[in-house]
Amino acid sequence: MANLTIRHAEIKDGVSMAEILRKIGWSEKRNNMPLKEVSEPIEELIKHCNKNTEGHTMIVAVDEENRVIGFTNVHWVPFVMLGSWEGYVSDVFVSPEAGGKGAGSALIKYVMEEGEKRGCMRLMLTNGKEKPSYQKGFYKKMGWTERPKVANFVYYYREPWS
Ligand SMILES: CC(C)(COP(=O)(O)OP(=O)(O)OC[C@H]1O[C@@H](n2cnc3c(N)ncnc32)[C@H](O)[C@@H]1OP(=O)(O)O)[C@@H](O)C(=O)NCCC(=O)NCCS
């Protein structure tokens with residue numbers, strides 16, 4: 001995309017990030033909540049990440065009209081078993097109307113370069129197998145490897161957005 005900029009997220013981006021999540025529409029509950037109830041917790045997370053940029057990098061992709069069209073969040077994890085650092089990418093989202101123009105690749109490329117600068121051993125993320133991003137090989141095309149022997153476990157305290 002011409003004139004795509006990647007920059008650190010700012011608190012004011014919370015509303016755009018909430019709108020992007022709602023356009024993607026993965027959560028009916030989130031889509032039915034007032035926008036403010038979606039954006040406020042996001043603003044708190046932006047604040048938290050920006051207070052500790054050693055530990056977190058939250059970035060947004062901005063188009064030529066200064067609209068936030070995507071975002072990514074990565075957490076730099078001190079990993080004893082690796083004797084090094086792992087970057088855990090928790091979020092990669094691009095607004096559907098801005099998709100297919102390189103914003104997603106640009107966000108991931110930024111994270112890959114940042115991890116290299118920090119001397120990380122590797123990056124890690126989860127990708128739903130039913131999602132188009134998995135089926136179109138979005139990460140594989142960028143040089144990522146799917147781990148055949150590792151199961152992904154989560155422990156829930158509650159459902160998202162409840
Ligand atoms: C996955 C996602 C971030 C890709 O962003 P994007 O800006 O559309 O990606 P790009 O334009 O950089 O496209 C990169 C590649 O992805 C492929 N792609 C196109 N549309 C896609 C889609 N809807 N989903 C996934 N990949 C897609 C393209 O084929 C392209 O490959 P190519 O360069 O060989 O043509 C975006 O579709 C999205 O936010 N999806 C919903 C959330 C999601 O699945 N996130 C990732 C897992 S957490």
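## Close-up views of the ligand site and two pockets

**View 1. The ligand and its closest neighbours.** In this predicted model, 20 residues surround the ligand, and the ones that come nearest are Val 94, Gly 100, Gly 102, Gly 104 and Ser 105. If you sort the shell around the ligand by class, you will find 9 nonpolar, 8 polar and 3 charged residues. Several elements take part: β4 (84-94), α4 (103-117), α5 (132-135) and α6 (138-141) each give at least two residues to this shell.

**View 2. Backbone atoms facing ligand oxygens.** Start at Val 94, where a polar backbone atom is 2.7 Å from an oxygen atom of the ligand. Move on to Gly 100, and here too a polar backbone atom is 2.7 Å from a ligand oxygen. At Gly 102, a backbone N or O atom lies 2.6 Å from an oxygen atom of the ligand. How much of the ligand's accessible area does the protein cover? On its own the ligand has 860 Å² of accessible area, and the protein covers 71% of that.

**View 3. The largest pocket, where the ligand sits.** The ligand takes up space in the largest pocket, which holds about 2100 Å³. Its lining is made of 50 residues, and Trp 26, Ser 90, Asp 91, Val 92 and Phe 93 lie nearest the centre of the pocket. Two or more lining residues come from each of α1 (14-24), α3 (35-51), β3 (68-79), β4, α4, α5 and α6. Which element gives the most to this lining? That is β4, with 7 residues, and β4 is also one of the elements that supply at least two residues of the ligand shell. By class, the lining of the largest pocket has 28 nonpolar, 14 polar and 8 charged residues.

**View 4. The second largest pocket.** Now turn to the second largest pocket, with about 800 Å³ of space. It is lined by 28 residues, and those closest to its centre are Leu 125, Thr 126, Thr 145, Glu 146 and Arg 147. The elements giving two or more residues to this lining are α4, β5 (122-124), α5 and α6. You may recognise α4, α5 and α6 from the list for the largest pocket. The lining of the second largest pocket divides into 13 nonpolar, 8 polar and 7 charged residues.

Methods. Residues numbered from 1 in each chain as written. Predicted model: local features only at pLDDT ≥ 70, side-chain atom pairs only at ≥ 80, totals over all residues. Heavy atoms only, no water. Near = heavy atom within 4 Å. Polar contact = N/O pair within 3.5 Å; in protein donor to acceptor, adjacent residues only side chain to side chain. Areas by Shrake-Rupley, 256 points an atom, 1.4 Å probe, with all protein chains shown as cover. 1 Å grid on protein atoms, 1.4 Å probe; cavity = no way out; pocket = protein on both sides within 12 Å on 5 of 7 lines; lining within 4 Å. Sits in = over half its atoms within 2 Å of the grid points. Helix = DSSP H or I, 4+ residues; strand = E, 2+ residues; numbered from the N terminus. Nonpolar A, V, L, I, M, F, W, Y, C, P; charged D, E, K, R; others polar. Points joined across faces, edges and corners; volume = space filled by probe spheres on them.
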